[in-house]
Amino acid sequence: MADPNWRVRAAGPADADALSLVASATFLDTYAGSLDGSDMVAHCAANNRPEKFGAWIGDRRDAVTIGEILPGFAPVGYAVLTGGIDLPVALELGDIELRRIYTLSRMRGTGLGPALMQQVIEDAARLSCRRILLGVWGENHRAHRFYERHGFTVVGTRQFKVGNVVHDDLVYARPV
């Protein structure tokens, strides 16, 4: 899938700062008005540090993809696929977690989200994985539809804390 207005590519160590920035921007863009603002800012500050992205980029079990707008190559989306699974479901040999996949809302309808997902699936196959798992907020119905269009089905639930509020998530899976 190609679009003259964006590209996706594997992230490298020099992309950690840009990924940190787009991670916070997309989290705020996605959940502003749904979650408490101070909780969101604290969550971003704790979970979107460049060092975290650097660790994922440096781990051979993981794959990080960045989406960039053209011209100028500003980051507008990303995906993180990690072997460090943090989901409360029975794991199977060959599982990997899609820890994050986000685009800025202005990129909706451009094909960037599906291109990121296609890259995730290709990376999972390259890493010899058999199943992709992910967790998503139970109230994020747009995301549910996106994952279901890409072959994911619900396999469990979890609770996810942002600030002092515990949210109910769905856990999805799909074969590679």
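In the predicted model, the largest pocket is lined by 45 residues. Those nearest its centre are Tyr31, Ile101, Tyr102, Asn140 and Tyr147. The space inside this pocket amounts to about 1100 Å³. Sorted by class, its lining consists of 20 nonpolar, 13 polar and 12 charged residues. Strand 4, which spans residues 95–103, supplies the largest share of the lining, with seven residues.

Pairing was next examined for strands 5, 6 and 7. Strand 7 (residues 165–175) is antiparallel to strand 5, and seven bridges connect the two. Strand 7 is also antiparallel to strand 6 (residues 153–162), here through nine bridges. Strand 7 therefore pairs with both strand 5 and strand 6, since at least two bridges are required for a pair. Valine 171 of strand 7 takes part in both pairings: glycine 135 is bridged to valine 171, and glycine 156 stands opposite valine 171 as well. The connection between strand 6 and strand 7 is a hairpin with two residues between the strands. Within this turn, glycine 163 adopts a positive phi of about 70 degrees.

Two residues other than glycine also have a positive phi. Phenylalanine 73 has a phi near 60 degrees and is located in the loop between strand 2 and strand 3. Its relative accessibility is 41%, so phenylalanine 73 is classed as partly exposed, a value between the limits of 20% and 50%. The loop between strand 2 (63–69) and strand 3 (74–82) also holds proline 71. The peptide bond that leads from leucine 70 into proline 71 is cis, with omega near -5 degrees.

Serine 128 is the other such residue described here, with phi near 60 degrees. This serine lies in the loop between helix 4 and strand 5, the latter covering 131–137. Serine 128 counts as exposed because its relative accessible area of 60% is over 50%.

Two helical positions were examined for burial and contacts. Serine 20 belongs to helix 1, which comprises residues 16–31. Its relative accessible area is 13%, and serine 20 is therefore buried, the limit being under 20%. When residues up to four places away in sequence are not counted, serine 20 touches Asn48, Arg49, Pro50 and Phe53.

Isoleucine 121 is found in helix 4, made up of residues 112–126. With a relative accessible area of 14%, isoleucine 121 likewise falls under 20% and so is buried. Apart from neighbours within four places in sequence, the contacts of isoleucine 121 are Ile132, Arg174 and Val176. One of these, Ile132, falls within the 131–137 range of strand 5, while Arg174 falls within residues 165–175 of strand 7. Isoleucine 121 in helix 4 thus has a contact in each of these two paired strands, contact being defined by heavy atoms within 4.5 Å. The C-alpha atoms of isoleucine 121 and histidine 150 are 9.8 Å apart in space, and the two residues are separated by 29 residues in sequence.

Key:
Residues are numbered from 1 along each chain as its sequence is written. This is a predicted model: local features need pLDDT of at least 70, side-chain atom pairs count only at pLDDT 80 or more; totals for chains, interfaces and linings use all residues. Side-chain values use heavy atoms; hydrogens and water are left out. Helices (H or I, at least four residues) and strands (E, at least two) are DSSP runs, numbered from the N terminus. Buried means under 20% relative accessible area, exposed over 50%, partly exposed in between (1.4 Å probe, protein chains only). On a 1 Å grid over the protein atoms alone, a cavity is a set of points where a 1.4 Å probe fits but cannot get out, and a pocket is an open set with protein on both sides within 12 Å along at least five of seven lines; lining residues have an atom within 4 Å of a point. Grid points are joined across faces, edges and corners, and a volume is the space filled by probe spheres set on the points. Ala, Val, Leu, Ile, Met, Phe, Trp, Tyr, Cys and Pro count as nonpolar, Asp, Glu, Lys and Arg as charged, and the others, Gly among them, as polar.
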